[in-house]
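Here are my notes on the model, as numbered points. Please read them with the structure open.

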Amino acid sequence: MTATNKNAVDKGSYPHFMLKEIMEQPEVLRRTLAKGIASIEQGQLSPEYGDLRLGKYQKVLVLACGTAYHAGLVGKYFMEKLARVPVTVEQAAEFRYTDSFVDPDTLVLVISQSGETGDTLAAMREAKSKGGYLVAITNVAGSTIAREAHRVINTVAGAEISVASTKAYMAQLATLYLLGLQLAMDRGRLGFKDAVPYLKAMKKIPEQVEQLLAEQATVKEWAGRLAGNEHAFFLGRGLDAAVAMEGSLKLKETTYIHAEAYSAGEFRHGPIALIEEGIPAVILATQPELVGYTVPVMEELKSRGAWIIGILGADTGQAADCCDYRMILPATLPEFTPMPAVIPLQLLAYYTACARGNDVDQPRHLVKSVKDVK
Ligand code: AGP
């Protein structure tokens with residue numbers, strides 16, 4: 001975006017674009033659902049999804065970078081579970097070093113906010129040359145990635161100015177969930193009626209996100225403590241591990257705190273040696289069937305001196321005792337917790353960056369869209 005365009009999008013009463021964009025997420029979700037759902041009662045998506053005719057694809061490959069890659073990881077869990085199709089999520093910058101198995105039976109999802117990321121573009125061109133069917137999920141209509149794909153689903157996040165992506169990630173998540181439902185229906189794994197509870201639960205997410213956005217004062221308090229640290233860990237299992245990666249990226253790019261994300265299980269295989277007195281750990285435990293495995297890791301971290309911020313699901317309250325600070329998410333289907341769970345993580349990055357006096361919207365060394373390929 002040029003300087004002139006940037007000025008054309010107003011910060012309004014917000015001190016930074018990042019906060020404005022975080023606060024816009026309920027509306028982004030409402031727009032995405034209004035555009036994507038034809039009828040909740042009939043379990044029917046709009047032609048943008050319905051006309052894709054996804055039933056014939058035997059595998060899915062997701063190509064993306066950074067935050068868009070993290071959205072792809074969430075999409076993988078949902079699509080594999082509901083559509084019973086193997087999904088591989090590749091960092092676009094690494095894709096060209098692999099001799100990947102792309103063929104005409106491969107549905108290739110290319111996710112990019114800007115639609116101009118050089119690594120993603122190079123990866124998609126290679127996948128296209130091998131015969132893959134490319135569906136782009138991008139926030140900029142008419143972008144290079146949108147033009148070169150076979151089909152496009154435009155996310156409707158609106159212009160995203162802050163270098164740290166927030167609302168585009170939310171739009172990507174909602175789009176991937178809808179795409180996952182369509183894929184499951186097209187593959188005969190989900191009847192129209194079975195889609196109804198998912199769509200009903202999705203419809204409630206904007207309001208739930210609003211509830212969490214109202215908790216800013218709580219997150220600001222966490223940020224005040226986190227701002228004095230130089231290292232932090234983000235842990236979770238399953239879907240929570242994917243969201244932990246996004247929380248960690250958000251924190252490091254805005255605050256310059258060294259933040260690492262691990263699955264809570266993998267963390268015990270080495271990285272736990274880094275835990276010492278006073279280290280902060282942000283732990284996501286939103287999945288009822290996994291929380292029993294995460295609690296012992298939390299207990300171990302506490303016993304080794306870590307202080308813990310817990311992002312917990314409505315049904316995973318047993319993790320609360322291990323937390324120094326906690327936020328309980330509103331009740332939703334376990335598959336959908338990434339949408340509310342990322343809100344406190346985005347706010348945490350934002351308020352910690354502010355507390356450290358950083359240039360929140362334009363962090364050092366970063367550009368909004370990495371167009372070149374190195
Ligand atoms: C997100 O906060 C980052 N600034 C970055 O990781 C970004 O998501 C990545 O460069 C991909 O950009 P794109 O979505 O425009 O392709």
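1. Start with helix α12, residues 239-255. Lys250 and Glu246 both sit in this helix. They are four residues apart, about one turn of the helix. Their side chains form a salt bridge, with the closest N and O atoms 2.8 Å apart. Are the two partners buried or exposed? Lys250 is buried, and Glu246 is buried as well. Keep in mind throughout that this is a predicted model.

2. A salt-bridge network deserves a look next. Lys20, Glu24 and Lys167 are joined into one network by salt bridges that share partners. Lys167 belongs to helix α9. Its relative accessible area is 3%. The cut-off for buried is under 20%, so Lys167 counts as buried.

3. What does Lys167 touch, leaving aside neighbours within four places in sequence? One group of contacts is Glu21, Glu24, Gln25 and Val28. The others are Ala157, Gly158, Ala159 and Glu160. Glu24 is thus both a contact of Lys167 and a member of the network with Lys167.

4. Glu160 has a salt bridge of its own to check. Its side chain meets that of Lys368 at 2.7 Å, N to O. Glu160 lies in the loop between β7 (151-154) and α9 (167-186), and Lys368 in the segment after α14 (338-355), so the pair ties together parts that are 208 residues apart in sequence. The two ends differ in exposure: Glu160 is buried, at 5% relative accessible area, whereas Lys368 is partly exposed, at 28%.

5. The segment after α14 takes part in another bridge. Glu230 pairs with Arg356, and the closest N and O atoms are 3.3 Å apart. Glu230 is in the loop between α11 (216-226) and β8 (231-236), while Arg356 is in the segment after α14, so this bridge links parts that are 126 residues apart in sequence. Glu230 is partly exposed, with a relative accessible area of 44%. Arg356 is also partly exposed, at 24%.

6. For the total, the structure holds 20 salt bridges. The protein chain carries 39 positive and 42 negative charges. The mean positions of these two sets are 4 Å apart.

7. Leu329 is a good residue to inspect away from the charged pairs. Where is Leu329 placed? Leu329 lies in the loop between β12 (325-328) and α14. At 3% relative accessibility, Leu329 is buried. Its C-alpha atom is 6.1 Å from that of Leu312, 17 residues away along the chain.

8. The contacts of Leu329 follow, not counting residues up to four places away in sequence. They include Leu312 itself, together with Ile311, Gly313 and Ala314. Leu212 and Thr286 also touch Leu329. So do Thr337, Pro340 and Ala341.

9. Now the whole chain. The protein chain has 14 helices and twelve strands. A compact globule of 374 residues would have a radius of gyration near 21 Å, and the value of 20 Å for this chain agrees. The C-alpha trace spans about 55 × 50 × 40 Å along its principal axes.

10. Last, burial and contacts. Of the 374 residues, 57% count as buried. The chain exposes about 14800 Å², and carbon and sulfur atoms supply 50% of that area. Among contacts with a separation of 6 or more, 78% come from residues 24 or more positions apart.

How values were computed
Residues numbered from 1 in each chain as written. Predicted model: local features only at pLDDT ≥ 70, side-chain atom pairs only at ≥ 80, totals over all residues. Heavy atoms only, no water. Helix = DSSP H or I, 4+ residues; strand = E, 2+ residues; numbered from the N terminus. Rg over C-alpha atoms; globule rule 2.2 N^0.38 Å. Buried < 20%, exposed > 50% of the residue type's maximum accessible area, 1.4 Å probe, protein only. Contact = heavy atoms within 4.5 Å. Areas by Shrake-Rupley, 256 points an atom, 1.4 Å probe, with all protein chains shown as cover. Lys, Arg positive; Asp, Glu negative; His and termini not counted. Charge placed at Lys NZ, Arg CZ, Asp CG, Glu CD. Salt bridge = Lys/Arg side-chain N within 4 Å of Asp/Glu carboxyl O.
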